[in-house]
Amino acid sequence: MANREIRLRGHHLLCLLGFRGMGYSAAFSANMREVYNELRDEPQTLVSIIGGPDDLCACFPKDAEQHCENRSVYEHDKRILEKLGFAAGMTLPWADVTLRVRDRMQPEDINTLCYTCEWRSYGVCEAGVRTIKKGSPLPPLPPLSHL
Ligand code: SF4
């Protein structure tokens, strides 16, 4: 796929690092998989940081309890953008996002930045930050049949 600009809110910058194929629904995971693979295959893809529901939220299941506009989620975005020194309205290559994670975060920071998140206990996001800090690229995703 030709490069497109991907719209991401603050906390999703980190969710992508820990993404291993899980998600709120098959459609949500498939969309996230597509974004993940675009960023993995082409780290110069431009990411536009936005202050609200983004290209991942777009596939949040309509029949699940909605949370994308909750105040706690906006606060979660804010904590992460402050940690990384980013702000909504910025556009930058995905590679610069990972460089900033490498320079400013420790894997354990996930525990405080993301204390509200139900996925945190899986440990995949902490592992994702650890991978980036080693200077490694995003790893390939497990095949769908393994999920
Ligand atoms: S703990 Fe939750 S919010 Fe934080 S990076 Fe992981 S999935 Fe995203």
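This passage walks through a predicted model of a protein, from its overall build to the ligand shell and the way its helices pack.

Start with the parts list. The protein has six helices and three strands. Reading from the N terminus, these elements come in the order β-α-α-β-α-β-α-α-α. How compact is the protein for its length? Its radius of gyration is 14 Å, and the globule rule gives 15 Å for 147 residues; the two values are close, so the protein is as compact as a globular protein of that length. Measuring tape aside, the C-alpha atoms fill a box of roughly 40 × 35 × 30 Å along the principal axes.

As for what is tucked away, 28% of the 147 residues count as buried. The contacts tell their own story about how the chain comes together. Taking those between residues at least 6 apart in sequence, 73% link residues at least 24 apart.

Next comes the ligand. Which residues sit around it? They are His11, Leu14, Cys15, Gly18, Ile110, Cys114, Cys117, Trp119, Arg120 and Cys125. Helix H1, which covers residues 10-18, is the biggest giver here, with four residues in the shell. Sorted by class, the shell holds seven nonpolar residues, two polar ones and one charged one.

One residue deserves a closer look: His76, which lies in helix H3 (residues 71-84). Is His76 buried or exposed? With 20 other C-beta atoms within 10 Å, His76 is buried, because 20 or more is what it takes to count as such. Leaving out residues up to four places away in sequence, His76 touches His11, Cys114 and Thr116. Two of these partners, His11 and Cys114, also appear in the list of residues around the ligand. For a sense of distance within the model, His76 and Leu144 are 68 residues apart in sequence, and their C-alpha atoms are 29 Å apart in space.

Now for the helix packing. H1 packs against helix H6 (residues 124-133) at an angle of about 85°, with 7 Å between the axes. That angle makes H1 roughly perpendicular to H6. On the H1 side the meeting residues are Leu14, Cys15, Leu17 and Gly18, and on the H6 side they are Val124, Cys125, Ala127, Gly128, Val129 and Ile132. This contact has eight nonpolar residues, two polar ones and no charged ones.

H1 also packs against H3, this time at about 75° and with the axes 6 Å apart. Once again the result is a roughly perpendicular pair, H1 against H3. Gly10, His11, Leu13 and Leu14 of H1 make the contact with His76, Asp77, Lys78, Ile80, Leu81 and Leu84 of H3. Here the mix is five nonpolar, three polar and two charged residues.

The last pair is helix H4 (residues 94-104) and H6, whose axes come within 8 Å and cross at roughly 95°. H4 and H6 are therefore roughly perpendicular to each other, since angles from 65 to 115 degrees count that way. Thr98, Val101 and Arg102 stand on the H4 side of the contact, facing Val129, Ile132 and Lys133 of H6. By class, the contact of H4 with H6 divides into three nonpolar residues, one polar and two charged.

Note on methods: Residues numbered from 1 in each chain as written. Predicted model: local features only at pLDDT ≥ 70, side-chain atom pairs only at ≥ 80, totals over all residues. Helix = DSSP H or I, 4+ residues; strand = E, 2+ residues; numbered from the N terminus. Rg over C-alpha atoms; globule rule 2.2 N^0.38 Å. Buried ≥ 20, exposed ≤ 12 C-beta atoms within 10 Å, placed from the backbone. Contact = placed C-beta atoms within 7 Å. Near = placed C-beta within 6 Å. Nonpolar A, V, L, I, M, F, W, Y, C, P; charged D, E, K, R; others polar. Axes fitted to C-alpha atoms, helices over the stretch in contact; angles between N-to-C directions. Parallel < 35°, antiparallel > 145°, perpendicular 65-115°, else oblique.
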